Amino acid sequence: MALQFFNSYTRTLEEFTPRNDKTVSFYACGPTVYNYAHIGNLRAYVFEDVLRRTLEYLGYSVTHVMNITDVGHLTDNADEGEDKIVKRSRESGESVWDIARFYTDAFFQDTDRLNIYRPSIACAATEHVDDMIALIKRLEEKGYTYTAGGNVYFDTSKFADYGKMALLDRQEQQAGARVDVDRNKRHPRDFVLWFTQSKFENHIMLWDSPWGRGYPGWHIECSAMSMKYLGEQFDIHCGGIDHIPVHHTNEIAQSEAATGKQWVRYWLHNEFLLVDSGKMSKSKGGFLTLQSLIDEGYDPLDYRYFLLGAHYRTQLRFSFENLKGARSARLSLEDKLKELLSAGESPLDITELTEKSRNYRESFHRDLEADLNTPRALATVWTVLKDKELAAGEVLALLYDFDHVLGLRLSEIETPGKYQLSEEEKTLLEERNAARKEKNFTRADEIRDYFSRKGLVLKDTPDGTVVNPAGV
Ligand code: AMP
Ligand code: ZN
């Protein structure tokens, strides 16, 4: 079977054929760094990670570019409101640069904890303003822009395919059915490429430009940076489905207007993570962060497992009850693995698998090739674990192989009981044995507590004291 993705642009399942044989150029819209990512946002990044890992697992090499939005994203996607980071700075009294740095670090800390690969290139908008200005100039030379009230706008009426991916109605666009308060716009869906007239005084982040001192719109950054690093045409662009009608629609319009060529071949969008009140969103407040799950006693990988249990194009309802189910499934997967390891088993070489195991591997491939069907891939994992006919070495080989995509850190699980004692710990154990012989149980217990604070359990056996990591 061939690798297939649901392409939002054509609304069909399509075979994936990259522009350049086995190399894939891939852009994903990154975070706006004015706050922590919520677990809905993190669903988007786990999905993109599974996509990238799948491509690499299937033998492609991937250049993965992600932007960091540290300027230009207004509180309303359609050019209304205030820059999110500037607003945060005004409210908290911290500098915009400190806010952006702090939340960028927090973002990568979260993605590391979820075992999400870092992008090949992560690019901050504020470091690419020249590229954005150059792109706006190009659009201006081609007649796609107009200036009104000091801002530079993209004229959507000049771009024939405007709104094709989102199936926006042309009549509705022209008639201005949407209420719009920006009177400078000629058409309701026109959007700002460059702001010079900020509605807010003391807009701190400003750059010189041919149109005056100001700052870029949000959409232009993704076009400028993706084309800088991946070229004017590339393979895959991702984001959450909320980006289809405005952000990605505008990215397509300005990129294709500038180059006169198709920009992106495959558009993949993840569905929402829902909570009882609807879509999880930052603006509603009360959102959950990864840290809040950790504070409730969950491992970040429990959340990763929870997400893998749903197809990326279906809505997924979050609840602690559901997360608990994912945790117990993940822990029993780990337990099975520990069982095999403690029996002294080691993985077979992947080239030495029996036909049955090869078939399981094939079906895991097929699950992923069918538009990244991770729930089915997890089901394949459990079928393998329950198959009594498979040799333990084969099961281990398959699990480690599958984990290249699942990212559950299965190969990091250590053989139980194989804890390596330091010299200091060995001396302490000897001291404890002596203390026990002398019936000095206070000292023996103190030493036991020392180990337990390090997550180690002491077990006294006829052959001596065994040290195990807790939980084994
Ligand atoms: P933002 O930082 O707001 O630009 O969003 C980062 C990513 O998260 C984007 O790809 C959004 O489309 C996506 N996103 C936002 N809310 C949700 C949600 N509730 N569920 C899934 N993805 C989301
Ligand atoms: Zn974007």
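Visitor: How do the residues of the shell around ligand 1 divide into nonpolar, polar and charged?

Guide: There are six nonpolar, eight polar and four charged residues in that shell. Glycine goes in with the polar ones, by the convention used here. Bear in mind that this is a predicted model.

Visitor: What makes a residue part of the surroundings of ligand 1, and which are the closest?

Guide: One heavy atom within 4 Å of the ligand is enough. By that test 18 residues surround ligand 1, and the closest are G40, G240, D242, L273 and M280.

Visitor: What makes the approach of L273 to ligand 1 a polar contact?

Guide: The cut-off is a pair of N or O atoms within 3.5 Å. In L273, a backbone N or O atom lies 2.8 Å from a nitrogen atom of the ligand, so the pair qualifies under that cut-off. G240 works through its backbone too: a polar backbone atom there is 3.0 Å from an oxygen atom of ligand 1. For T32, the distance from a backbone N or O atom to a ligand oxygen is 3.4 Å, which also falls within the 3.5 Å limit.

Visitor: How much of ligand 1 does the protein bury?

Guide: Taken alone, the ligand exposes 500 Å², and the protein buries 95% of that.

Visitor: Which elements give two or more residues to the shell around ligand 1?

Guide: Those are α1 (39-57) and β10 (234-240). The top contributor is α1, with four residues.

Visitor: How do you know that the length of α1 fits a helix?

Guide: Its 19 residues, at 1.5 Å each, should span 27 Å. The end C-alpha atoms are 26 Å apart, so the two values agree. As for cover, 17 of the 19 residues of α1 are buried. Just after the helix, G59 takes a positive phi of about 100°.

Visitor: What about helix α11 (residues 355-369): what span should its residues give?

Guide: For 15 residues the expected span is 21 Å, and the end C-alpha atoms of α11 are 21 Å apart, which agrees. Its buried residues are S357, Y360, S363, F364, H365, D367, L368 and E369. They pack against β1 (4-7), α1, α12 (374-386) and α13 (392-406).

Visitor: What is unusual about the phi of a residue other than glycine when it is positive?

Guide: Most residues other than glycine have a negative phi. D371, which follows α11, is not a glycine, yet its phi is positive, about 55°. L372 does likewise, with a phi near 55°. Both sit in a loop: D371 is found between α11 and α12, and L372 is found between α11 and α12 as well.

Visitor: Why are D371 and L372 called buried?

Guide: Buried means under 20% relative accessible area. D371 has 2% relative accessibility, so it counts as buried. L372 also has a relative accessible area of 2%, so the verdict is buried again.

Visitor: And T156: is it buried or exposed?

Guide: Buried: its relative accessibility is 3%, and the limit is 20%. T156 is found in the loop between β7 (151-154) and α5 (170-175).

Visitor: What does the side chain of T156 make a polar contact with?

Guide: Its partner is the side chain of D190, at 2.6 Å. That lies within the 3.5 Å cut-off, so the pair passes on distance.

Key
Residues numbered from 1 in each chain as written. Chains lettered and ligands numbered in written order. Predicted model: local features only at pLDDT ≥ 70, side-chain atom pairs only at ≥ 80, totals over all residues. Heavy atoms only, no water. Polar contact = N/O pair within 3.5 Å; in protein donor to acceptor, adjacent residues only side chain to side chain. Areas by Shrake-Rupley, 256 points an atom, 1.4 Å probe, with all protein chains shown as cover. Expected span 1.5 Å × (residues − 1). Buried < 20%, exposed > 50% of the residue type's maximum accessible area, 1.4 Å probe, protein only. Contact = heavy atoms within 4.5 Å.
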